[in-house]
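User: Could you take a close look at one salt bridge in this model and then work outwards to the parts around it? I'd like the cut-offs spelled out as you go.

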Amino acid sequence: MTFALSQNQNAVKYWTPIAYSRLFIYLTANILRTTIRKIFGRTPKGQALHEGIMIQLLRLMMGGSVLNVAQSRRMMNFSNAVVHLKTGTFLQSSKDKWATPVKGQGWKGFWIPFKDQVNKDQLKKDLAKKHTVADIGSGCDIVMFAIHGGGMVMGNALMFLSSYRAWMKVLQQKHNVKIGVLSVEYTLSPEAPFPGALNECVAAYKHLIEHQGVDPRRVVMCGDSAGGNLCLTTALKIRDAYPSVGLPAGQVLFSPWVMCPKPLKDNPDDYISVTGGTLFVEAYTQNQAKVHTSPYASPIQSATLAGMPRMQIFIGGVETLRPSIERFIVKATAEGVEIESHLKEGKSHDYPLIEEISGVKVVRESHELIAKFVARIRDDYIGTREI
């Protein structure tokens with residue numbers, strides 16, 4: 001299987017007429033199917049037609065049945081570019097104003113320092129400031145330790161830059177909390193299968209605490225999908241192997257991939273399919289049995305989740321991963337983990353992060369929930385900190 005994955009990843013370096021034809025047929029068929037289902041009231045309640053069509057486009061990128069890994073990456077990069085164009089960070093120079101490339105021993109990423117988005121004059125000054133790795137963790141109350149998703153085979157550390165900026169703004173406006181974001185740029189699998197990405201995330205977290213001197217009580221991990229998996233497994237690894245480092249105060253998880261051993265069941269209204277999910281799992285685990293059963297790949301199979309930080313978990317009502325996430329919540333809660341879960345009926349995978357599939361109102365409501373969760377952690381930290 002390892003060889004087959006390698007072939008699949010590199011099989012098509014350039015788009016061909018056949019590839020374009022497959023894309024056209026797939027999109028046309030699924031757009032038509034979605035439109036017909038919408039007309040007859042078979043799509044989720046509250047889901048607009050354009051949202052359903054966008055989900056089908058994402059399903060094309062993430063589904064694994066039409067595109068190989070290399071092609072999916074190109075499509076994902078194009079999608080990210082469109083989002084950055086919309087939010088004003090398309091050019092590298094505009095990204096540089098928000099995010100500073102940083103690295104340490106065994107890891108790399110971006111430091112996104114707090115920027116005052118309420119006072120326009122101050123924002124101009126903040127955007128003009130130059131930052132280095134030495135600034136990580138400074139100038140903020142809470143550090144968000146972010147790990148992006150993308151099935152561990154695509155995506156990048158700045159794919160949700162617009163979300164980080166939105167959290168930063170609402171936390172400042174509504175709760176007088178300043179946050180900075182350390183976003184990890186882990187090596188994608190299958191170039192670096194398990195435990196490659198995990199080791200890089202652990203190294204980055206240890207650097208934040210041990211080298212930058214950031215109190216773990218003011219760190220909140222956040223991650224979506226495969227990034228949610230890495231948040232959970234990084235915390236488990238820290239708990240088990242480096243207890244003196246200290247766990248973060250909390251975790252914000254969007255549709256976390258907990259790698260439940262029970263089989264997935266496709267949902268046509270979600271863009272994560274069984275085929276795509278299987279492809280991502282195989283790329284990361286290389287189909288090794290010992291990896292499939294390791295709690296550092298499959299956190300739901302941990303002997304115990306006791307001692308893990310409090311969690312805020314967002315679940316789409318129609319997402320393919322919903323049953324596995326709910327099983328994880330039951331297990332974690334039974335073992336003493338404090339969990340605040342938010343299930344949004346009719347919404348798909350990663351819904352709080354993507355306006356195009358959820359709508360502006362739903363995404364903004366999610367921002368408010370995240371802000372309240374992070375603000376409570378800040379308040380708890382102030383309450384326990386030595387004066």
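Analyst: E51 pairs with K347 in a salt bridge, with the closest N and O atoms 3.7 Å apart (the criterion is a side-chain nitrogen of Lys or Arg within 4 Å of a carboxyl oxygen of Asp or Glu). The two partners are 296 residues apart: E51 sits in helix α3 (residues 49-62), while K347 is in the loop between β8 (339-344) and α13 (355-358). Helices here are DSSP runs of H or I with at least four residues, strands are runs of E with at least two, and both are numbered from the N terminus. Across the whole structure, the search turns up 17 salt bridges. Side chains of opposite charge can pair when their charged atoms come close.

Some ground rules: this is a predicted model, with local features needing pLDDT of at least 70 and side-chain atom pairs counting only at pLDDT 80 or more, whereas totals for chains, interfaces and linings use all residues. Residues are numbered from 1 along each chain as its sequence is written, and side-chain values use heavy atoms, leaving out hydrogens and water.

From K347's loop, step back to β8 and you reach the sheet. It's an open one of 8 strands with mixed pairing, in the order β1-β2-β4-β3-β5-β6-β7-β8 (strands pair if DSSP finds at least two bridges between them). β1 and β8 are the edge strands with a single partner each, so one side of each has no neighbour in the sheet. From one strand to the next the twist averages 20°; axes are lines fitted to C-alpha atoms, for helices over the stretch in contact, and angles between N-to-C directions run from 0 to 180 degrees.

At the β1 edge, β1 (residues 100-104) and β2 (residues 107-112) are antiparallel, paired over 5 bridges, and T100 faces W111 in β2. These strands make a hairpin with 2 residues between them, and G106 in the turn has a positive phi of about 85°. Elsewhere in the sheet, β3 (residues 142-147) and β4 (residues 179-184) run parallel and are joined by 6 bridges, with V143 opposite G180 in β4.

Now the helices. α14 lies across β3, β4, β5, β6, β7 and β8, running at about 175° to β7. Its partner α7 (residues 161-175) has an axis that comes within 9 Å of that of α14 (residues 360-384), crossing at roughly 65°. The residues in that contact split into 8 nonpolar, 2 polar and 4 charged; Ala, Val, Leu, Ile, Met, Phe, Trp, Tyr, Cys and Pro count as nonpolar, Asp, Glu, Lys and Arg as charged, and the others, Gly among them, as polar.

Helices α8 (residues 196-211) and α9 (residues 226-241) also have axes within 9 Å, crossing at roughly 65°. The contact draws on A197, L198, C201, V202, Y205 and K206 from α8, and L230, T233, T234, K237 and I238 from α9 (contact means heavy atoms within 4.5 Å). That set divides into 7 nonpolar, 2 polar and 2 charged.

Y296, in the loop between α11 (289-292) and β7, reaches this helix pair too. Beyond its neighbours within four places in sequence, Y296 touches F194, L198, T233, L236, K237 and D240. The C-alpha atoms of Y296 and N199 are separated by 10 Å, though the residues are 97 apart along the chain.
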